Amino acid sequence: MSELTIAATDRTPEIQLSLNNGTFSMKGESFPEDVSAFYGQVIIAVDQLASQLSKPLTVDIAMVYINSSSIKAMFRIFEGLEAVRKSGQSVGITWHYQEDDDIMQELGDDFKDRFPDLSIEVRAA
């Protein structure tokens, strides 16, 4: 899958993945009714990057709210990004949070701690 675009809804984030550009972004809120149905295709697409990507990957994540089920899906996405790194590709991740949002800042720091070999920058928007 070389391109994946999912428009944001009031319950799900905007997701854009471009193999050609080497970019992956997620922004918005995430509390879908069926987390598996929503994130399944995203996880598959990210997992395929390790064998398909031939350039550095730039990842931008700017979430406003993530429920606990979505955090589990996000963990799977980060595992896929780690597989891309292990395949030899450079992966740069920026986790954006609103300046006064301690919860999203801590979540970004948690992913940074759990995936120490990934280059994750946690930055106030």
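Two strands count as paired if DSSP finds at least two bridges between them. The exercises below apply to a predicted model.

**Exercise 1.** In what order do the six strands of the open sheet lie, and which are the edge strands?

Solution. The open sheet has the strand order 1-2-3-4-5-6, with mixed pairing. Strand 1 (3-6) and strand 6 (119-124) each pair on one side only, and these are the edge strands. Averaged over neighbouring strands and ignoring direction, the turn of one strand against the next is 15°. At one edge, strand 1 pairs with strand 2 (residues 14-18) in the antiparallel sense, over four bridges. Within this part of the sheet, E3 stands opposite S18 of strand 2.

**Exercise 2.** Which strands does helix 2 touch where it packs on the sheet?

Solution. Helix 2 touches strand 3 (23-30), strand 4 (57-66), strand 5 (91-97) and strand 6. The direction of helix 2 makes about 170° with that of strand 4. Angles over 145 degrees count as roughly antiparallel, so helix 2 and strand 4 run roughly antiparallel.

**Exercise 3.** Describe the packing of helix 1 against helix 2.

Solution. Two packed helices are described by the angle between their axes and the distance between the axes. For helix 1 (residues 35-52) and helix 2 (residues 68-86), the axes come within 7 Å and cross at roughly 10°. An angle under 35 degrees counts as roughly parallel, and the two helices are therefore roughly parallel to each other. Helix 1 contributes V35, Y39, V42, I43, V46, D47, L49 and A50 to the contact, and helix 2 contributes S69, S70, A73, R76, I77, G80, L81, A83 and V84. By class, these residues are 12 nonpolar, three polar and two charged.

**Exercise 4.** Is S70 buried or exposed, and which residues does S70 touch?

Solution. S70 is found in helix 2. Its relative accessibility is 0%, so S70 counts as buried. Leaving aside residues up to four places away in sequence, S70 touches S30, F31, P32, V35 and Y39.

**Exercise 5.** Classify the aromatic pairs that F78 forms with W95 and with F111.

Solution. The structure holds seven aromatic pairs. The ring centres of F78 and W95 are 6.4 Å apart and the planes stand at 50°, so this pair is tilted. F78 lies in helix 2 and W95 in strand 5, 17 residues apart. Both residues are buried. The pair of F78 and F111 is stacked, at 4.3 Å centre to centre with 10° between the planes. F111 belongs to helix 3 (residues 102-114), 33 residues from F78. F111 is buried, with a relative accessible area of 3%. F75, F78, W95, F111 and F115 form one aromatic cluster.

Note on methods
Residues are numbered from 1 along each chain as its sequence is written. This is a predicted model: local features need pLDDT of at least 70, side-chain atom pairs count only at pLDDT 80 or more; totals for chains, interfaces and linings use all residues. Side-chain values use heavy atoms; hydrogens and water are left out. Axes are lines fitted to C-alpha atoms, for helices over the stretch in contact, and angles run from 0 to 180 degrees between N-to-C directions. Angles under 35 degrees count as roughly parallel, over 145 as roughly antiparallel, 65 to 115 as roughly perpendicular and the rest as oblique. Contact means heavy atoms within 4.5 Å. Ala, Val, Leu, Ile, Met, Phe, Trp, Tyr, Cys and Pro count as nonpolar, Asp, Glu, Lys and Arg as charged, and the others, Gly among them, as polar. Buried means under 20% relative accessible area, exposed over 50%, partly exposed in between (1.4 Å probe, protein chains only). Rings of Phe, Tyr and Trp (its six-membered ring) pair if their centres lie within 6.5 Å; planes under 30 degrees apart count as stacked, over 60 as edge-to-face and the rest as tilted.
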